[in-house]
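Grab a pencil and work through these short exercises with the structure open beside you. Each one sets a task, then walks through a solution.

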Amino acid sequence: MRQILLITGGVMCAIALIVGSFTFYQANREELSLSSDLQYRTRVLADSLAESIKQLLMQGSRMAIQKTVDKIASNERITALWVFDSAGRVAAYSGTVSDVSGSALAIRAMDSNSSFSEFTRNGEERAYVFVNPIRQGERTIGALMVVEKADYIDEAIRSIWRENLLRLFLQLLLFAAVIFVLVRWVFFRSILKMVESLKAVRKGNSEIDAVPGTSFFEPLAGEISKVTMSLRQARHSASEEARMRLEKIDSPWTAERLKEFIKAYLKDRPIFVISNREPYVHNKVKNKIEWSVPAGGVVTALEPVMEACGGTWIAHGSGDADKATVDAEDKIAVPPEEPKYTLKRVWLTEKEINGYYTGLSNEALWPLCLMAHTRPLFRAEDWSEYKRVNAKFAKTLLDEIRHAKRPIVLVQDYHLALVPEMIKKVRPDALVALFWHIPWPSAAQFNICPWREELLFGMLGADLIGFHTQQYCNNFIDTVGNEVESRIDYERFSVFRGTHQTLIKPFPISIAFPGIAEGHGKLDKTVLTVLGIKSTYLVLGVDRLDYTKGILERFKGIEFLLDKHPEYSGNLTLLQIASPTRETVEKYREYAMRVTEEAVRINKKFGTKDWKPIVLEKRNYTHEALIHLYQHANVCLITSLHDGMNLVAKEFVAARRDEFGVLVLSQFTGASRDLKGALLINPYSAEETSEVLRIALTMPKAEQNKRMKTMRDSVRDYNIYRWSAELIKALSQLE
Ligand code: GDG
């Protein structure tokens, strides 16, 4: 639309310029012609009068002169007609000579012995004054002054402009309409058609062989058709290759290979993901609805899987424009720019959110499992809401799978621990996996939970429970052994309750690499400039603003480094992206405040006019922007006090296409087991963090490269496509 307006506007400006110049030229010519015509007529009149006036002046007959003057001046074009004697006195006159002093002009003409003329203007009135000396032989005996109206010249010019502008206006209107229609319907429609068919070919859901184009675009459409044909062939070969590679465990997993795997393993069994957080949130921003991807590991990990496999994702609709964007069944096709699967939103009341999400999930289960020295709050009313909301999610899913045969259900995380049992009770044919994204504490630590038995029953309804590490699986099996009457098969790592078996297995989660996590654009050099960062060394932190991520400990590490190594003052910056999270929870609000205070304190202690050691960005970034930051960082610093996996570590590695940069990683993350090239730290020790940071900042390039390559190989090898393939394979083998 903008382009159409630009084209139309451009053409209209050009037309206006041409018409304007022509009108200006025409008006000038008309003025010239009318003026010289008037001058000529006046001179002829004056000359013809001069002879008779001369006679009368010689006779001294003033009455006769006046009579002659009155007669001539009755002509409506003549404003005034004055006759002067040789002394410049008025001998006869008719009409007024507004701002012209008649005598002065007459004397001037008589003295110079030549006629004199000028155009005069008095307000709106314009006149032409002509003064002619009357001579008898060598003697000047008087003068004649004729004043003629010249207003009509102005009027003629005005009317030229008026008419031409009106014509221009009508022309512009007509041109604009014609151009608009032509561009919109002829060009843009053809281009849109081509784009649509290209899109269809790219998505692989079109069988068209030729891209349509009007005769104007025929050559272009022909070329594009050839490219799309090659694309289809390439895709077909890729898919064949992926199918052939299926069983070769050492070849890399890709979205394509996962798709083939799902087809081969699940045949037509549909996949349903169910989680608290949705992958796309719609919010009202000013008067527009905008979507964003919320910060969080579950979404980062599961979204590429759903994009590759399709299916339905059920989640809480938390955006203020979420309701406005779904259909009658509360569904929306996502990703919004290129839909590949269905998101079905579940609506929760404020009371439900307070009890189930803020209360039980974030104030009880999160601190219980994360063990980051925050006391869990167990409130009976939160537990009731948690059960009610889990039942609501389960019902939504059961409605959704009512026509699906032997569906695959992937339940995500600690918010929905009771859902597996609720589903299996109604649909024993469904294959249900529960993936626990956070750590599982020791049996003794879990023992403090008042509803531990019900929680474990709920979870054990699943056919498969996945954790990030073997340690969490061990902790879980110990907990079940302590709390629930069951039979544990240690050989297979399964729990039997009655005839129902639940397999417990580690699946270290990962990211889409190779794939979207690598980023494809060129290195964006402006990202740091806009933040005012000019330092030589960039240390990067990316986290949800969560107390388990150890952001305060990270700041302490930087403070320690600057205290001990003042040579870094002025040339090292910690850029901390801290995306807002769980703001309804008191502990998170307090933490967010402390993080800001601490950054301010440290910046005050070391900062100068042009430099501050900590740049704190408390806002949500897009994944693309984060990738650019990863690519700029010398060091990515992760100081989680406890973390199931930590995907930021893997994202940093995936984004480093240059194979440089150093990862400093908390030993209390699941990722520390997978990423052997990282420098591990105990984030509780600021001294250790600072020392390892110094090692990272001075690490030779060759060493960085060696470590980065090792880490990239391991993330490439165990990426999110492999994670989901192994999970689904383990699940489907349980039947
Ligand atoms: C849980 C477990 C486990 C961060 N800021 C923004 C943003 N992020 C993205 C990161 C990353 C994700 O959020 C955070 O993932 P983590 O794994 O680091 O942490 P949790 O959210 O706590 O995830 C964790 C994970 O589940 C998966 O199982 O690894 O241990 O706690 O992807 O890039 N994303 C966007 N804007 C931001 O500002 N879009």
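**Exercise 1: Contacts with the ligand**

How many Å separate an oxygen atom of the ligand from an N or O atom in the side chain of Arg544? Once you have that, look for similar pairs at Gly297 and His468.

Solution. Keep in mind that this is a predicted model.

- Step 1: Start at Arg544, where a side-chain N or O atom sits 2.7 Å from an oxygen atom of the ligand.
- Step 2: Go to His468, whose side chain places an N or O atom 3.2 Å from a ligand oxygen.
- Step 3: At Gly297 it's a backbone N or O atom that lies 2.9 Å from an oxygen atom of the ligand.
- Step 4: Check these against the cut-off for a polar contact, which is a pair of N or O atoms within 3.5 Å. The pairs at Arg544, His468 and Gly297 each count.

**Exercise 2: How covered is the ligand?**

Work out what share of the ligand's exposed area the protein buries.

Solution.

- Step 1: Take the ligand alone, and it exposes 730 Å².
- Step 2: Put the protein back, and 98% of that area is buried.

**Exercise 3: Who makes up the shell?**

Describe the residues around the ligand by distance, by type and by where they come from in the chain.

Solution.

- Step 1: There are 26 residues around the ligand, and Thr300, His437, Tyr621, Asp643 and Glu651 come nearest.
- Step 2: Sort the shell by type and you get eleven nonpolar, ten polar and five charged residues.
- Step 3: Look for elements that supply two or more shell residues: these are α7 (297–309), β18 (537–544), α18 (623–632) and α19 (647–655).
- Step 4: Zoom out to domains, and you'll find that domain 2 (271–506) and domain 3 (516–717) each give at least three residues to the shell.

**Exercise 4: The whole chain**

Find out how the protein's overall dimensions compare with those of a compact globule, then locate its domains and annotated spans.

Solution.

- Step 1: The radius of gyration is 44 Å, whereas a compact globule of 735 residues would be near 27 Å.
- Step 2: Along the principal axes, the C-alpha atoms fill a box of roughly 150 × 65 × 55 Å.
- Step 3: The domain assignment lists domain 1 (34–155), domain 2 (271–506) and domain 3 (516–717). The C-alpha centres of domain 1 and domain 2 are 106 Å apart.
- Step 4: An unreviewed UniProt entry annotates residues 6–25 and 168–187 as "transmembrane region". Residues 6–25 are 100% helix, with end C-alpha atoms 29 Å apart. Residues 168–187 are also 100% helix, and there the end C-alpha atoms lie 26 Å apart.

Terms used. Residues are numbered from 1 along each chain as its sequence is written. This is a predicted model: local features need pLDDT of at least 70, side-chain atom pairs count only at pLDDT 80 or more; totals for chains, interfaces and linings use all residues. Side-chain values use heavy atoms; hydrogens and water are left out. A residue is near a molecule or strand if one of its heavy atoms lies within 4 Å of it. A polar contact is a pair of N or O atoms within 3.5 Å; within protein, one must be able to donate a hydrogen and the other to accept it, and residues adjacent in sequence count only if both atoms are side-chain atoms. Accessible areas come from the Shrake-Rupley method with a 1.4 Å probe; for residues, only the protein chains shown count as cover. Helices (H or I, at least four residues) and strands (E, at least two) are DSSP runs, numbered from the N terminus. Ala, Val, Leu, Ile, Met, Phe, Trp, Tyr, Cys and Pro count as nonpolar, Asp, Glu, Lys and Arg as charged, and the others, Gly among them, as polar. Domain bounds come from an automatic or database domain assignment. UniProt positions are given in the numbering used here, feature names are shortened, and annotations may be inferred rather than shown by experiment. The radius of gyration is taken over C-alpha atoms; the globule rule is 2.2 Å times the number of residues to the power 0.38.
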